[in-house]
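Grab a coffee and have the viewer open. Here are a few exercises, each with a worked solution.

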Amino acid sequence: MAESELSNSAIADALEELGDLYELDGAIVHRVLAYRAAAKAVREASVSVAALALEGRASELPGIGKTLQEKILALAQTGAIPAAERLRAKFPPGLIAITRLPGLGPKRARLVHSELGVDSLQALRDAALAQRLRTVRGLGPKLEESVLSALVELDANPTAHASPRVVLPRALEIGQELVAGLAARAGEGAHIELAGSIRRQADSVKDIDIVATTISEGGPQILAKSLSKLEQIEQVSSAGKAGAKARTHSGMGVDLRIAAPGQLGNLLQHFTGSGPHNAALREAAVRMGLHVSEYGILNDATGATDTYETEHHVYQRLGLSYIDPELRENRGELEAARGGTLPQLIELADIRGDLHSHTIASDGHNTIEEMALAARDRGYEYLAITDHSASHGFGNDVSPEQLRRQIELVREANTRVQGIELLAGSEVNILPDGSLDYDDELLGELDWIVASVHTSFGISAQAMTARMITAMEHPLVDAIGHPTGRLIERREPYALDLAAVFTAAARTGTMLEINANPARRDLSDVNARGAARAGVTIVIDSDAHRAGTLANMRWGVATARRAWLTATQVANTRPWPELEQRRKRHAQQRR
DNA sequence: GCCGTTTTCGGCCCGACTGTTTTCAGTCG
């Protein structure tokens, strides 16, 4: 296999930069959008795009054609794209920073560069202070004002983006508080719900989108005014009949949109998105002579705009079966909905047990029995106790001797606590050479083994891949925990050849985890989908460190749904005896 | 620059808001 250290994320960054540069250069918007779409496809790919390009196969990815295949190949072979070099020489780097300011895009950046010679944020500030921006046709005093206030904000907080992304549970919590607050003030007959990326159950959320309908005459005004009264809201920037825009004290944007009940389906469909899903949906609709917006569907043939109360009817009108919100990312769901081949997605109620949990034996906060009772309360049939292993290194090491004692304690608790099967397991460290930190004899006494990387994240992709594959080839390793090590919005995944890992997992019968900790969700949606396509069995685990966080399972199921997974593709939707028989140590015995 | 129930060229979603305008361009989601 072609080996390249050029990561997908580095390629995606390069394509985005090139798109920005072409935009500054005045390229037509569709060409720029093509670069952005290609960057997204590269970032989401679960195989090495550099390796694909070296084989001449990058154009197999959606949105990448002959030209971009060549440009990625050049980047992989020479470390640079000639067109980007040329454009970088033409436009000073400060111009890109200017396009990032609110209210300023490529057109205006180009304008201030050509008319005033502005080539940096500092030069822009000087021009605004000297009131020179208003001398350019199309620009005025208001823009000077907004430029200066944006620069002040940037100075105060140079690293943070204007609106940071937060992980889903936090956004959902704020969103639900806002919905409850609005509902309490809206009166009878109002319907209020969350849309946007929260409803799609994305990894992280930038803005909270709220959709509301009201039947009373002054309903819209009451709702918009109610929003400004909520304690979470810092300020409302605009309010009208159709809705309001606001910002929370924590800095999240809030977009409230209001419609008549008869349009709820149209509004909800529009505001659930995603952007690429809606764009693709609308392009397909145009070919049918239909124009879709949040207000309804305009029919070219009749000139009438039809509105729909439910999303089901919106999709039906467009010749599509209903698409679950988690799938609306333009990753093939429209074609599947057209052909009636969408999957029956896994649900939280399908989960029968949890195979990754911690207790006070390592870094957990509850006893075996407390965890067992909490799992039973959740309706589980089984729970694996998998404390950290002998070299965890955070003061929570479980020595071989302690593990033997822990196994006895689990067995005792299993006889004491009725109504749930307790499994004695371990989350064993995968050492840099791929070996494990207990000997095989002790590992052989365990019911369930999840192996994870917790150290030496910085080794090369080649070394990390070999390390993982060695661990998967161990006959007693049932599953790999949080396989890429990413932390959402905080830490990139470690360098790893995922395609090779998936192949090895399928070959050895090792399961790969979707770790349901909402800061991890690892495997990610696209990677879990890639793994399942490669024939890998997925297991969804809470990785709970206290009884309460067994409930994190829901975020893992959310990721599985975004990965198009059905219940049958996930191991722990099966009763333990059935799951137990399907894992590799039995498959190996059968041979 | 991509792509095909308008297939190798000519299209490529839809609307709101803002500021600068007197009909609209640019930006944003």
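**Exercise 1: the surface near the DNA**

α14 gives the largest share of the surface near DNA strand B, namely 5 residues. Keep in mind while you work that this is a predicted model.

Task: find which other elements supply at least two residues of the surface near DNA strand B, and which residues come nearest.

Solution.
- Step 1. Besides α14 (275-287), the elements that supply at least two residues each are α2 (29-44), α4 (66-78), α7 (106-116), α9 (141-156) and β8 (290-293).
- Step 2. Now go down to residues: 39 of them sit around DNA strand B, and G63, G65, G105, G140 and H291 come nearest. On the DNA side, 82% of the atoms of strand B that come within 4 Å of the protein belong to sugar and phosphate.
- Step 3. Sort the surface by residue class, and you get 18 nonpolar, 10 polar and 11 charged residues.

**Exercise 2: backbone to phosphate**

Task: work out how far the backbone N or O atoms of G103, G140 and K142 lie from a phosphate oxygen of DNA strand B.

Solution.
- Step 1. Start with G140, where a backbone N or O atom is 2.8 Å from a phosphate oxygen of DNA strand B.
- Step 2. For G103, the distance from a backbone N or O atom to a phosphate oxygen of the strand is 3.2 Å.
- Step 3. At K142, a backbone N or O atom lies 3.4 Å from a phosphate oxygen of DNA strand B.
- Step 4. With a polar contact taken as a pair of N or O atoms within 3.5 Å, the G140, G103 and K142 pairs make the cut.

**Exercise 3: a helix pair**

Task: describe how α1 and α2 run relative to one another, and say which residues meet.

Solution.
- Step 1. Two packed helices are described by the angle between their axes and the distance between those axes.
- Step 2. The axes of α1 (residues 8-24) and α2 come within 8 Å and cross at roughly 170°. Therefore α1 is roughly antiparallel to α2, since angles over 145 degrees count that way.
- Step 3. On the α1 side the contact includes N8, I11, L15, L18 and Y22, and these are among the residues that meet an α2 set including V32, Y35, A39 and V42.
- Step 4. By class, the contact of α1 with α2 has 10 nonpolar, 3 polar and 7 charged residues.

**Exercise 4: domains and backbone oddities**

Task: lay out the domains of chain A, then track down the cis peptide bonds at S274 and L523 and the positive phi at Q131.

Solution.
- Step 1. Chain A splits into domain 1 (3-156), domain 2 (166-259), domain 3 (268-339) and domain 4 (348-590).
- Step 2. Domains 2 and 3 have C-alpha centres 24 Å apart, and their contact takes 10 residues from domain 2 and 13 residues from domain 3.
- Step 3. G273 and S274 are joined by a cis peptide bond, with omega about 0°; S274 is in the loop between α13 (264-272) and α14.
- Step 4. Another cis peptide bond joins D522 and L523, with omega about 10°, and L523 lies in the loop between β16 (511-515) and α22 (525-533).
- Step 5. Q131 is not a glycine, yet has a positive phi of about 55°; look for Q131 in the loop between α8 (121-129) and α9.

Notes
Residues numbered from 1 in each chain as written. Chains lettered and ligands numbered in written order. Predicted model: local features only at pLDDT ≥ 70, side-chain atom pairs only at ≥ 80, totals over all residues. Heavy atoms only, no water. Near = heavy atom within 4 Å. Polar contact = N/O pair within 3.5 Å; in protein donor to acceptor, adjacent residues only side chain to side chain. Helix = DSSP H or I, 4+ residues; strand = E, 2+ residues; numbered from the N terminus. Nonpolar A, V, L, I, M, F, W, Y, C, P; charged D, E, K, R; others polar. Axes fitted to C-alpha atoms, helices over the stretch in contact; angles between N-to-C directions. Parallel < 35°, antiparallel > 145°, perpendicular 65-115°, else oblique. Contact = heavy atoms within 4.5 Å. Domains from an automatic or database assignment.
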